[in-house]
Amino acid sequence: MRRVLRLASITLFVVCLTASAAFAMEIKLGIVTTPGSAQYIVAEKFKELVEERSGGDITVSIFHSASLGNETEILQQIQMNAVNMGVITLGPFDAFVPEVKVVNFPFLFRDYDHVSEILDGPLGQEVLDALEKAGFKGLAFSENGFRNLTNNKRPVHSVEDVAGLKIRVMESALHKELWRVLGANPTPMGWPIYSELEQGVIDGQENPVSVLKVFKLFEVQKYLSLTGHVYSAHIDVANLNWFNGLNEGVQTMLQEAMYEAAVHQRNWNRENEAGFLAELEREGMIVDKDPDKASFRAKAVELKGMDLFTRDPATAELLDRFLEATR
Ligand code: EAX
């Protein structure tokens, strides 16, 4: 009987192997930005690793440059599994899962090492797990980096200089409230925003230096202040049911490949940031490298007591623990 069972299990093993060799799958992955961008670098590395590790059985198709719509629309398509995966800026996740916004709390992290320590640890994992409520499997955090203010009206050194500036913000309640509290006139808009800046529909915007460089915003923005007010992550996600329906070996492979792709991209961003900044200066941007961050911070902390963070108890509680851990 033992032998029969053993034989049966070997046969099963061989059948499974054969089945997996014949297994072919296309993963559709959506991003809003263009080749060369932070999100694209994650997507490209993920594709390379998955195709290599699956011996070509799994292919990854990258839908980029907003061919699927803006980031909110891509998230909706991932929820319906019309698209399986995405590398999406954290801002637009607000509307789907309130807790996620704690990562965008202003002046939360000291520097990039601090970011990795927290987001690769248990608190980061809690944020990824919270996404399941909205039907997303959170796989990893990649990044745009620390966001900085640019505008065409005047140099901004302290928060008083922000008064009345018409600033484009991401489609996120947190970003809108933040810029209102800082004294600006915030206008939520999806990405891209080059022509709105060029036409002067808005005075300014805020993004990490990699974005200013890759999207040539230096052509349409004069003043840059290194405010570093919000750490801008992407969350690398999949449709939860689709992901859970894959066999365990494939799940592990995808999870590992996405984490490695994310770390690869974060390193790219961090290693290149000083070079990008030098290029922005060469292109003629007037850079304030040491703005009065304390003046920004003093106003930005008001967000903690606002509806945005107090309305949902889980969000308020998670923010407290993030603030405690990053103090
Ligand atoms: O990745 O919308 C934004 O400002 C994002 O940072 C943009 O998608 C660049």
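A polar contact is a pair of N or O atoms within 3.5 Å. That cut-off serves the exercises below, which use a predicted model.

**Exercise 1.** Which side chains make polar contacts with an oxygen atom of the ligand, and at what distances?

*Solution.*
1. Start with Arg-147. A polar atom of the Arg-147 side chain is 2.8 Å from a ligand oxygen.
2. Go on to Asn-144. Its side chain places a polar atom 2.9 Å from an oxygen of the ligand.
3. Then take Gln-39. An N or O atom of the Gln-39 side chain is 2.9 Å from a ligand oxygen.
4. Apply the cut-off of 3.5 Å. Arg-147, Asn-144 and Gln-39 each qualify.

**Exercise 2.** How much of the ligand's accessible area does the protein cover, and where does the ligand sit?

*Solution.*
1. On its own, the ligand has 260 Å² of accessible area.
2. The protein covers 98% of that area.
3. The ligand sits in the largest cavity.

**Exercise 3.** Which residues surround the ligand, and how do they divide by type?

*Solution.*
1. List the shell: Thr-33, Gln-39, Thr-89, Asn-144, Arg-147, Arg-168, Met-170, Trp-191 and Asn-207.
2. Sort the shell: two residues are nonpolar, five polar and two charged.

**Exercise 4.** Why does the ligand lie between domain 1 and domain 2?

*Solution.*
1. Set the bounds. Domain 1 is 2-97 + 112-143 + 232-271, and domain 2 is 148-230 + 275-325.
2. Both domains give residues to the ligand's shell, so the ligand lies between them.
3. Add the interface: 21 residues of domain 1 contact 15 residues of domain 2.
4. The C-alpha centres of the two domains are 29 Å apart.

Methods. Residues numbered from 1 in each chain as written. Predicted model: local features only at pLDDT ≥ 70, side-chain atom pairs only at ≥ 80, totals over all residues. Heavy atoms only, no water. Near = heavy atom within 4 Å. Polar contact = N/O pair within 3.5 Å; in protein donor to acceptor, adjacent residues only side chain to side chain. Areas by Shrake-Rupley, 256 points an atom, 1.4 Å probe, with all protein chains shown as cover. 1 Å grid on protein atoms, 1.4 Å probe; cavity = no way out; pocket = protein on both sides within 12 Å on 5 of 7 lines; lining within 4 Å. Sits in = over half its atoms within 2 Å of the grid points. Nonpolar A, V, L, I, M, F, W, Y, C, P; charged D, E, K, R; others polar. Domains from an automatic or database assignment. Contact = heavy atoms within 4.5 Å.
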